[in-house]
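Work through the exercises below with the sequence and the coordinates at hand. Each task is followed by a solution in steps.

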Number of protein chains: 2
Amino acid sequence: MMRIALLLVAALCLKAAEPVDSIWSAKYVVTMDAERRVIDDGAVAVRGERIVAVGKRAEIERLYKPRRRLARPQSLIAPGLINTHTHAPMSLFRGLAGDLRLEEWLEKYIFPAERKNVDAEFVKWGTRLACLEMALSGTTTYTDMYYFEEVVAAETKRAGLRGVLGQTVIGFPAPDAATPRDALARAERFIAQYRNDPLIVPAVAPHAIYTTPDDALKASRALANRYGVPMLIHLSETKRENADSLAKRKMTPTAVLDSLGALNGRTLGAHGIWLDGNDLRILKERGTGLAHCPSSNSKLASGVARVPRILAMGIPMGLGTDGFAGSNDDANLFEEMDLAAKLQKVTNLDPELLPATQALAMATITGARALGLDKEIGSLEAGKRADMITVMVNAPNAIPMYHVMAQMVYALKGADVNDVMVNGREIVRDRRMLTLDSVEIGRKVSENQARISESLRH
Amino acid sequence: MMRIALLLVAALCLKAAEPVDSIWSAKYVVTMDAERRVIDDGAVAVRGERIVAVGKRAEIERLYKPRRRLARPQSLIAPGLINTHTHAPMSLFRGLAGDLRLEEWLEKYIFPAERKNVDAEFVKWGTRLACLEMALSGTTTYTDMYYFEEVVAAETKRAGLRGVLGQTVIGFPAPDAATPRDALARAERFIAQYRNDPLIVPAVAPHAIYTTPDDALKASRALANRYGVPMLIHLSETKRENADSLAKRKMTPTAVLDSLGALNGRTLGAHGIWLDGNDLRILKERGTGLAHCPSSNSKLASGVARVPRILAMGIPMGLGTDGFAGSNDDANLFEEMDLAAKLQKVTNLDPELLPATQALAMATITGARALGLDKEIGSLEAGKRADMITVMVNAPNAIPMYHVMAQMVYALKGADVNDVMVNGREIVRDRRMLTLDSVEIGRKVSENQARISESLRH
């Protein structure tokens, strides 16, 4: 009898010591689960690429025996932030031109700069810089639309970030493809190469209805569906895009896409500022996700998306930083959360719109839903990928802290991020990027800047 | 002949070695002088409380012999930033409540929290925390409106910051004065005490026309003019303030103040969102300065001030962070510059509005002008007070850098500030506050948070 009891106790003890790779603990764990639980004195246990358990620190410590521990009693743990729209390599054009009308900005600066500079080497260093900046400010997954996307993917893996990466298909000669047909072939090779990658979700990215011909839009959709990957596209970003579409085709951009069947599958539309009621009904029906880019939409004066209405309809809208070259000069999702919330309030004169919890959801679980990845990322829950960050809560800008989620949106900064884990791998520790050489990046960025400046003189 | 030549050379060498207290050098010096010069490889020489010279590093090093040197080849030097409107002690209420209508926010949270908690000790620790946060993010001068302003002044001097500090005069019993008459007496004692201080500009701060009776507004003006100090007041912050004034008095708030003679002297009006054309003509004529608070105006959904028009009329409008308790949950002027520029663009659908140079001016020289201090601070020029900051330009969010001033507004962060000098005294070095004990502040803030939370439960 005694022996059996002892064996039972021993079994319980063994159970109490289930081995895991690591336990992260902190003052608060912001789960972003369905109940939006914030756990005081909490912890997250990780094995391999996934979260094993989330709970009170004492409980987690009792149940799991980690090989590594990270204790952050002066920080919070949150899901890694999700950027649903950017053009990472354009970091090398950061602030190249700004405070200009879109046409002037594109035609005088961005297009010439791209024509003269964008090649695989440019994409490599631009992506590496962007990954460094994003990881250090708490982004764990980002969504990209650019050229040479296989280089973007290689760099993203090197950094250890998660990427939904879209190879651009556009109707004019691009740096990596002379025709849409070439671009589609490139996209297919890229998708085939990365379709089973643990970090990369390859995608096809027809630029927009006004730059990508109808047959290429249809072919992009078919390609995406053939491989079960997302299609990424700019959608109703400017008033002019909408006006031109209505004038030429008597349909909104969304209706054009739908008439081509291009929304029949996993799709992410970026911006979505000028969507009307009918557009939203179409997007809802097709299960399309959206990316809201408040900094870019403000700086380029594109307008303000009707985020509260979109979210109320159940259309998942995440947050995006957009590119760096005058549309938004950094890639910091803390600023996008803060601005998204404030912009709705001030433009509608209603302070209750887009409360902090909703803004934080956009940067995490709702963004994951927009990308069709909410089963895998976006919250801290057992079974999900271990994508998480720690953020200091004892900096002068962080104290006192009455409401953890509101503080994340309105007071904490990208610079307060201490540690980052993606897919179970620690890539930032104590604000230092473990996977990239920031000194080398600085040197290469400097060389690129000199070349780009020189190229624009001629 | 030879001897005379030698003497001449010696004299030149002696001149070349004019002693100064310190030389700060950096990759760029952003002067914000009338020509908005940015000096590559520049330096600033300081003696006592003032700037002696600004120029190329080689030239400054040739002409001056410093006792101390700070070389920052990976940073820029800029004028210290100027916050034209805040309520520093309210830092202890940071994020106490938000995403609420103004009335609910004030009546359910802020007023009860103030009634139950604001005393000299509260003001002491709240100010100390705010000073720490402001200095670390590059603010060297700030403008305050609160209670126990003599405590605010003592704390500001302890931190080593410059303050334009207004003792509140309000029509209901306040934490430090039962009546407006008591408040005015307090204000006069405060002004008399600090009128000749090198760091503090004392001021009287009638709260607003809707909270401070007419006779107290007139008495505040008279008091300010008697001592030659500024009067600070909230002005046309909300649509309701304007509507009520028009309904009750058939005049806008500005016209009310003017009819009382309350604008006849140095005045700073905070917010100025709902000013009409006639108001602006009055303010221009009276030489009134304004404080624009884009974060607060957005979060509280108060509206967007017509900044480009105001600046075009030559009315000096600076930037303010406003308080911390739900109106803006931090005190970071880098964010106000960025938001000020973006907000004008997006709400007017015009990306050329409020370009970066103008936003940076608002945070420096134009802010100084709004406070009537532009002879003393706001730019780096010989003869001015030595109020300056260094900001790293090699962080991943800062590179490449094509346009220094635009980068300051759109890409650099408060967290990139390395060093801060106010009135010739170094108060931040390598991101560490030299004048305050941040551990002690953290502990006291924690104690205060517990007390405040407890007080709101009853």
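**Exercise 1: a strand pair and its sheet**

Strand β4 (residues 64–79) of chain A pairs with strand β13 (residues 388–392) of chain A in the antiparallel sense, over five bridges. The model is a predicted one. Task: find the bridge partner of A:L76 in β13(A), then place both strands in their sheet.

Solution.
1. The partner of A:L76 in β13(A) is A:V391.
2. The sheet of chain A is open and has eight strands, in the order β3-β2-β1-β4-β13-β14-β15-β16. Its pairing is mixed.
3. The edges are formed by β3 (50–56) and β16 (432–433) of chain A, each of which pairs on one side only.

**Exercise 2: a covered strand**

Task: determine how many of the residues of strand β10 (residues 267–271) of chain A are buried, and identify the strands that pair with β10(A).

Solution.
1. Count a residue as buried if 20 or more other C-beta atoms lie within 10 Å of its own. By this count, five of the five residues of β10(A) are buried, and the strand is mostly covered.
2. Strand β9 (residues 231–235) of chain A pairs with β10(A) in the parallel sense over five bridges. In this pairing A:H234 stands opposite A:A270.
3. Strand β11 (residues 289–292) of chain A also pairs with β10(A) in the parallel sense, over three bridges. Here A:L268 stands opposite A:G289.

**Exercise 3: the chain as a whole**

Task: describe the secondary structure of chain A and compare its radius of gyration with the globule rule.

Solution.
1. Chain A has 17 helices and 16 strands.
2. The radius of gyration of chain A is 22 Å, close to the 23 Å from the globule rule for 458 residues, so chain A is as compact as a globular protein of that length.
3. The C-alpha trace of chain A spans about 85 × 50 × 45 Å along its principal axes.
4. Of the 458 residues of chain A, 62% count as buried.
5. Take the contacts in chain A between residues at least 6 apart in sequence: 73% of them join residues at least 24 apart.

**Exercise 4: two domains of chain A**

Task: state the domain bounds of chain A and characterise the side of domain 1 that touches domain 2.

Solution.
1. Domain 1 of chain A covers 17–79 + 388–422, and domain 2 covers 81–370.
2. Their centres, taken over C-alpha atoms, are 30 Å apart.
3. The contact takes 17 residues from domain 1 of chain A and 21 residues from domain 2 of chain A.
4. On the domain 1 side, β13, α16 (404–410) and β14 (417–422) of chain A each supply at least two residues. The largest share, five residues, comes from α16(A).
5. This side of domain 1 divides into 13 nonpolar residues, one polar and three charged.

**Exercise 5: two copies**

Task: find the operation that lays chain B on chain A and describe the contact between the chains.

Solution.
1. A turn of 180 degrees and a shift of 0.0 Å along the axis lay chain B on chain A with an RMSD of 0.0 Å. The two copies are therefore related as by a two-fold rotation axis.
2. Among the residues of chain B, B:A415 comes closest to the rotation axis, at 3.2 Å (C-alpha).
3. The same surface serves both copies, since 100% of the contact residues of chain B recur in chain A.
4. The contact takes 54 residues from chain B and 54 residues from chain A. On the chain B side, the largest share, six residues, comes from α17(B).
5. The residues of this side of chain B divide into 25 nonpolar, 17 polar and twelve charged.

Methods:
Residues are numbered from 1 along each chain as its sequence is written. Chains are lettered from A and ligands numbered from 1 in the order in which they are written. This is a predicted model: local features need pLDDT of at least 70, side-chain atom pairs count only at pLDDT 80 or more; totals for chains, interfaces and linings use all residues. Two residues are in contact if their C-beta atoms, placed from the backbone, lie within 7 Å. Helices (H or I, at least four residues) and strands (E, at least two) are DSSP runs, numbered from the N terminus. Ala, Val, Leu, Ile, Met, Phe, Trp, Tyr, Cys and Pro count as nonpolar, Asp, Glu, Lys and Arg as charged, and the others, Gly among them, as polar. Two strands pair if DSSP finds at least two bridges between them. Domain bounds come from an automatic or database domain assignment. Copies are superposed by least squares on the C-alpha atoms of residues with pLDDT of at least 70 in both. The radius of gyration is taken over C-alpha atoms; the globule rule is 2.2 Å times the number of residues to the power 0.38. A residue is buried if 20 or more other C-beta atoms lie within 10 Å of its own, exposed if 12 or fewer, and partly exposed in between; C-beta atoms are placed from the backbone.
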